[in-house]
Amino acid sequence: MSARVAVVGSSNLDLVVTTARLPRPGETVLGEDFRTVPGGKGANQAVAAARAGAACDFVGAVGDDDFGTQMRTSLVGAGVDVRGLRTVAGPSGVALIGVDRDAENFIVVAPGANNTLTELDADDRATIAAADVLLLQLEVPLSAVTQAADWARADRTTVVLNAAPAAALPTELLDLVDVLVVNEHEAAVVAGITSDDPPVLLDALLELVPRAVLTLGAGGAAYADRGGLRLAVPAPRIDAVDTTASGDAFTGALAVGWAERGAASENAVTASLRWACAAGAACAQRPGASTALPDRPAIDALHDATYRGAP
C-alpha cells in the first residue's frame with residue numbers, strides 16, 4: 001500500500017511575473033511573462049506528495065470565485081483527495097510572485113479564504129487519523145494547525161511542520177511536532193536567535209522539537225535529532241530556472257519518504273533527505289509553482305544520478 005499523507009493548509013492562486021531583476025523598495029521594473037498558477041504552501045505540498053506517490057488528502061478553504069474553482073480542479077487533476085476542501089463566501093487566497101533571471105523570487109500573499117480555516121471537524125479528524133504523516137505549514141490560522149497536530153498526536157500520526165512563513169511558535173504547538181522543517185531564516189525566527197550557522201541553529205531547534213530538518217537551498221539539507229544523529233546531505237547540481245516551489249517539493253517528498261521509511265535508522269533518514277533534495281532540485285529546473293512539482297519518476301531519476309553509489 002502507498003504511503004498516506006494528510007495536508008492541512010493554504011491554497012492560493014499565484015499571479016506570477018518574470019522580470020530581469022527584482023525591484024527595490026519604491027522602484028518599478030518592467031515585467032516579461034505573466035501567468036496564473038494554482039499554488040499556496042499547503043496545496044503545493046499536497047500536490048508534491050501526490051506526485052511523489054502518496055495517497056494525499058487536503059484540508060483547506062477556497063472562495064466562491066473563479067480562482068477557487070480553478071484551484072479545486074487543479075488539485076483533483078494532480079490526484080489529491082479534496083473532500084476536506086471547503087468553499088466559503090468571499091475571495092480565494094492570492095499570491096503575487098516576481099521571479100528574476102537568476103531564479104530568485106519575492107512572494108506577497110493575501111490569505112482570503114484561508115483565514116476562515118480556524119477549526120476542523122470530525123471528518124477532518126478521521127482524515128488525519130488515517131494518515132501516516134500529517135503535513136502542516138503556517139499560512140492558515142494557528143488554531144487549526146494546533147488542533148490538527150493535537151489530533152494527530154492522539155491518533156499516532158507523525159506530525160511534520162514546515163514553519164513557513166517564519167514565525168515564533170507557542171510551546172503548545174511545538175510540543176506536538178515530530179519533525180520540524182525550516183530554512184535558515186525560519187530556523188532563526190523559531191529558535192529566537194540571530195545565528196545563521198547550521199549547527200548552532202539545529203542545536204537551538206532541538207531545545208524545542210525532537211527532530212529538525214534545515215533546508216539549505218543549493219547546499220542541500222542538514223538534520224539533527226535528540227538521539228544524537230547528525231546528517232548533512234548535498235543537493236543535486238542543476239541549472240535552476242525557478243526556485244518558487246522548490247521548498248514545497250522538498251517538504252512534500254520528505255513527508256512521503258518519512259511515511260515510507262520512518263526514522264528507524266540513519267540509513268532511512270539519509271534516504272528520505274536525499275530523495276527530498278532530489279525533489280526540490282527537480283522542481284527548480286522548471287518554471288512555475290504547482291506546475292513545476294516533479295512526479296516520482298523525475299525524482300527517482302535525479303536522485304539516482306546524484307546519489308547512486310554514495311555511502
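In which sense does H9 pass H10? Keep that one in mind; the tour ends there.

**Before you click**

You're looking at a predicted model, where local features need pLDDT of at least 70 and side-chain atom pairs count only at pLDDT 80 or more, while totals for chains, interfaces and linings use all residues. Residues are numbered from 1 along each chain as its sequence is written, and side-chain values use heavy atoms, with hydrogens and water left out. Element labels follow DSSP runs, numbered from the N terminus: helices are H or I with at least four residues, strands are E with at least two.

**Stop 1: the sheet**

Show the strands as a cartoon and find the open sheet of nine strands, ordered E5-E4-E1-E8-E9-E10-E11-E12-E13, with mixed pairing. (Two strands pair if DSSP finds at least two bridges between them.) At the edges sit E5 (81-88) and E13 (230-233), each pairing on one side only. From one strand to the next, the twist averages 15°; angles here run from 0 to 180 degrees between N-to-C directions, and axes are lines fitted to C-alpha atoms, for helices over the stretch in contact.

Now select 55-63, which is strand E4. E4 and E5 run parallel and are joined by six bridges. Pick Ala 61 and you'll find its bridge partner in E5, Arg 86.

**Stop 2: strand E12 and its hairpins**

Select 221-225 for E12. Is it buried or exposed? Five of the five residues of E12 are buried, so the strand is largely enclosed by the rest of the structure. Buried means under 20% relative accessible area, exposed means over 50%, and partly exposed is in between, using a 1.4 Å probe and protein chains only. Show the side chains: Ala 221, Tyr 223 and Asp 225 point one way, while Ala 222 and Ala 224 point the other way. In a regular strand, side chains alternate between the two faces of the sheet.

On one side, E12 runs antiparallel to E11 (211-215), and five bridges join the two. Thr 215 stands opposite Ala 221. Five residues lie between the strands of this hairpin, and Gly 217 takes a positive phi near 60°.

E12 also pairs with E13 in the antiparallel sense, over four bridges. Here Ala 224 stands opposite Arg 230. This hairpin has four residues between its strands, and Gly 228 in the turn has a positive phi of about 100°.

**Stop 3: helices across the strands**

Add 184-191, helix H6, which lies across E9 (158-162), E10 (179-183) and E11 and runs at about 120° to E10. Then add 198-206, helix H7: this one lies across E10, E11, E12 and E13, at about 150° to E11.

**Stop 4: two backbone oddities**

Most residues other than glycine have a negative phi, and most peptide bonds are trans. Zoom to Arg 156, which has a positive phi of about 60° although it is not a glycine. Arg 156 lies in the loop between helix H4 (142-154) and E9, and at 80% relative accessibility it counts as exposed. Next, go to the peptide bond from Ala 164 to Pro 165, which is cis, with omega near 0°. Pro 165 lies in the loop between E9 and helix H5 (171-174).

**Stop 5: Ile 97**

Select Ile 97 in strand E6 (residues 93-99). At 5% relative accessibility, Ile 97 counts as buried. Leaving aside neighbours within four places in sequence, its contacts include Leu 15, Val 17, Phe 106 and Thr 244. Contact means heavy atoms within 4.5 Å.

**Stop 6: H8, H9 and H10**

Select 246-261 (H8) and 266-284 (H9): they pack at about 150°, with axes 7 Å apart. H8 and H9 are therefore roughly antiparallel to each other. The cut-offs are under 35 degrees for roughly parallel, over 145 for roughly antiparallel, 65 to 115 for roughly perpendicular, and oblique for the rest. Phe 250 and Trp 258 are among the H8 residues in this contact, and Leu 273 and Trp 275 among those in H9.

Finally, add 296-307, helix H10, whose axis comes within 8 Å of that of H9, crossing at roughly 115°. H9 and H10 are therefore roughly perpendicular to each other. And the opening question: H9 passes H10 in a right-handed crossing. A crossing is right-handed if the near helix is turned clockwise from the far one by less than a right angle, and left-handed if anticlockwise.
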